[in-house]
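Open the model in your viewer and keep the selection tool ready. We will go chain by chain, then look at where the chains touch.

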Amino acid sequence: MDLEPHTWLMLGKYIGAGIALGFGGVGAAIGMGNAAAQANVAMMRQPKVQSEMLRTMLIGQAVGGSPSIFALVVGLLILFVSPANPELVGGNYFAAVVGAGLSIGFGAFGSGLGCGWPAGSACDGVARNPHRSSHSTQSMIIGQAVAQSPSIFALVVGLILILTAKDGTDLPTMGIAMGAGLAMGVSAFGSGIGSGKAAGGALDAIGRWPLAYGVTLRTMLIGQAVCETPAIFGMLVAFIMMFALGDLSPGLLGFAKVTGAAIAVGFGGIGPGIGSGLTAAKACQATAARPDKDTLILRTMLIGQAVSQSTAIYALIIALTLLYVVS
Amino acid sequence: MMDPTTILTLMNTVAAQVPEAAVATGISGTALIKAGALIGAGICMGFGAIGPGIGEGFAAGKACEAIGRSPQEAGLLTRTMLIGQAVSESTGIYSLVVALLMLFVIS
Amino acid sequence: MESIGERLIWYYVPFTDIPIPLGGVNILTLFNAALVMLVLFGLAFLAVRKFAMVPGRAQLAAELFTGVFDDLVTSSLELETREKNRRFFPLIGTLFLYLLLSNFVGFIPTHYFEEPTADINCTLGLGIMGMAIATWCSIKTKGFGGYFEELLGPMWDQPDATGAAKFAGKASALFFFPLNVIGELAKVVSISFRLFGNIVGGSIIIIVVSNLVYNFSILAAGLDLFFIFFVGTVQAFVFTMLTLTYIAVAIK
């Protein structure tokens, strides 16, 4: 396509910022709504500790809103920071900012959605055991901070894409930029949801069995860390695409290779991320109910999550085959 | 129901137009097919991995729950979980096989 | 904002023309890692300088840390005796303290102090170390055969199966073996990239936000506290716990 530099620049800025903030806002909005809904139910059950719950809910929503703030940061950067040579801007700049938008948009979507569950369950926990509300609040903040890791990865990839945008227009470079964003963003989407689900389960369990606070928190942290593996695969493939790809085949073929690899590792990460989160949530509840059997449950959780992540590994294999083996 | 001759004519028209349109933008038909196979392999593996991932995670979660209830049956429960996951995994393996076929046989 | 991603790398041995192998050395990472080690050494010296029955502040902190981590290691590994569990305590405790202080280095507001953990070489090295120790422990407990059999998948060893079922079990190893090997490698990648991504992400967010809101720098300072102290502590703990869990799974 032969478009003028100014057209490419403005197209990229508007579409990229739109994707970043459009998708990035949805997750946090749903998550905060969930948190508020659960807080309402909890307040109805225990109106006496209303102010305590209100505080927990507000803290949870504030911390859970930060993925969408990352999206806002990237969106503002895309809109207001112009490239060094505006007269040389072409399709590559367009692809880079759209890729950055995809990355942080979907990444913030997942993490924002995920951060809502621990906040809601924490309010529930405060209602069940008002005198142990500090446990609930602390573990909520820790769980949310870990659930935000995927969106932080997405932010890193998005900013690298913006700052390393190339001049001119060629199909494989465009594919690399958009593909890196897609791979990172969509895989972070699943991991963020899963990680948040795990934290939500753990907070629910801590609310019910507050005495098992320590072991539950440990199971939650390990479970969440495993949930993030698909997002880390996505980040790995994005970094490989941006920095470690040798000479890619020119034209449409190169574009197809990187796009295929990005779709594989990106969408392939959604299922394992969410699935591992479901496992971790149940494992946290089981650990809290039977703290004496914590290592047995932890081992079962790790085995189950490892099998659930084998599909993410297949996706990674297909992506690496596409990038390096197929001629 | 369209009659067969019309469909055939339509297909011929479409087939005749594809190379022409492609030549105009400098992309040959074979390259287009290969590119389609490569992107298709990515889509196949990517979307195909969603279901097994969630399903296996669900199975593993229930197994953890059950072990929490009756830890003395841990061996049986883990075995059942692994078998269930292996069955659930099969669709993921189909995706892998189809993706590899597209990468190495078709393209 | 041009400083994002910029690294001070020595490609040659200083004052000579001799190239450093493997693409140079990131001198800031080495410097900061050495700084962290020195500080740790100093703190440890301070804590054990004079033991008293009624502990002073430094000794109290050290005893608290030792107690908490001793409990953590013991309850995770669940070996027969406390002494066997304690063999892993120095590794886990040191790893946590080193990562914690490494993540805090970024708080010093000078260009030359950056977190060693913001360099993938550092975290990858620590990840490889953890997995190597876990693999070694696994081989030591189960023998090389036992370790290898574990890589062949859950269906390899079925004493009560016969005929086709037994053959299918053995054939499944063809499928499970490469998967398990890649799974082991993926553990190294995931554990090291998680720490790296979080620390780099935090420092990038701080730089970008302070560039965007330079008239309202209290926001950047708050982010500094959150990302460096809170996220740094949580991620150091996650890395340590994951290493401990991999070891615990390996020796079972």
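Select chain B. Four helices and zero strands make up its elements. Step along from the N terminus and you read α-α-α-α. Remember as you look that this is a predicted model.

Now colour chain B by burial. Of its 107 residues, 38% are buried. What about contacts along the chain? Take the contacts in chain B with a separation of 6 or more: residues 24 or more positions apart account for 72% of them.

**Chain B against chain A**

Keep chain B selected and add chain A. How many residues does each chain give to the contact? Chain B gives 43 residues and chain A gives 47 residues. Next, pick out helix H2 (29–48), helix H3 (50–69) and helix H4 (74–106) of chain B, which each supply at least two residues of the side that touches chain A. Which helix gives the largest share of that side? Highlight H3(B), with 17 residues. Then colour the side of chain B that touches chain A by class: 26 residues are nonpolar, twelve are polar and five are charged.

**Chain A**

Hide chain B and show chain A alone. It has twelve helices and zero strands. From the N terminus on, the run is α-α-α-α-α-α-α-α-α-α-α-α. Is chain A spread out or compact? Its radius of gyration is 21 Å, and the globule rule gives 20 Å for 327 residues, so chain A is as compact as a globular protein of that length.

Rotate chain A along its principal axes. Its C-alpha atoms fill a box of roughly 65 × 40 × 20 Å. Switch to burial colours again: 73% of the 327 residues of chain A count as buried. Contacts come next. Among those in chain A between residues at least 6 apart in sequence, 92% join residues at least 24 apart.

**Helix H7 of chain A**

Select residues 171–208 of chain A, which form helix H7. Use the distance tool on the C-alpha atoms at its ends. They are 55 Å apart. What should 38 residues span at 1.5 Å a residue? The expected span is 56 Å, which agrees with the distance in the model.

Stay on H7(A) and check its surroundings. Is this helix enclosed or open? Of its 38 residues, 37 are buried, so H7(A) is largely enclosed by the rest of the structure.

**One residue: A:Gln138**

Select helix H5 (residues 133–147) of chain A and find A:Gln138 within it. Why does this residue count as partly exposed? A residue needs 20 or more C-beta neighbours within 10 Å to be buried, and 12 or fewer to be exposed. A:Gln138 has 14 inside 10 Å, so it counts as partly exposed.

Now add A:Ala122 to the selection. It sits 16 residues from A:Gln138 along the chain. The C-alpha atoms of the two are separated by 9.4 Å.

**Chain C**

Switch to chain C. You should find seven helices and two strands. The order from the N terminus is β-β-α-α-α-α-α-α-α. Along its principal axes, the C-alpha trace spans about 75 × 55 × 45 Å. A compact globule of 252 residues would have a radius of gyration near 18 Å, but chain C has 23 Å.

Apply the burial colours once more. Buried residues make up 29% of the 252 residues in chain C. Of the contacts in chain C between residues at least 6 apart in sequence, 59% join residues at least 24 apart.

**Chain C against chain A**

Bring chain A back beside chain C. The contact takes 29 residues from chain C and 28 residues from chain A. On chain C, select helix H6 (163–212) and helix H7 (218–250), which each supply at least two residues of the side that touches chain A. H6(C) has the largest share of that side, with 17 residues. By class, the side of chain C that touches chain A has 19 nonpolar, seven polar and three charged residues.

**Last stop: confidence**

Colour chain C by pLDDT. The average is 83, and 97% of the residues score at least 70. Which element of chain C has the lowest mean pLDDT, and which the highest? Strand E1 (residues 9–10) has the lowest, 74, and helix H4 (residues 89–104) the highest, 93. Where pLDDT is low, do not read the predicted coordinates in detail. For the model, the scores are ipTM 0.85 and pTM 0.83.

Technical notes: Residues numbered from 1 in each chain as written. Chains lettered and ligands numbered in written order. Predicted model: local features only at pLDDT ≥ 70, side-chain atom pairs only at ≥ 80, totals over all residues. Contact = placed C-beta atoms within 7 Å. Nonpolar A, V, L, I, M, F, W, Y, C, P; charged D, E, K, R; others polar. pLDDT = per-residue confidence, 0-100. Rg over C-alpha atoms; globule rule 2.2 N^0.38 Å. Expected span 1.5 Å × (residues − 1).
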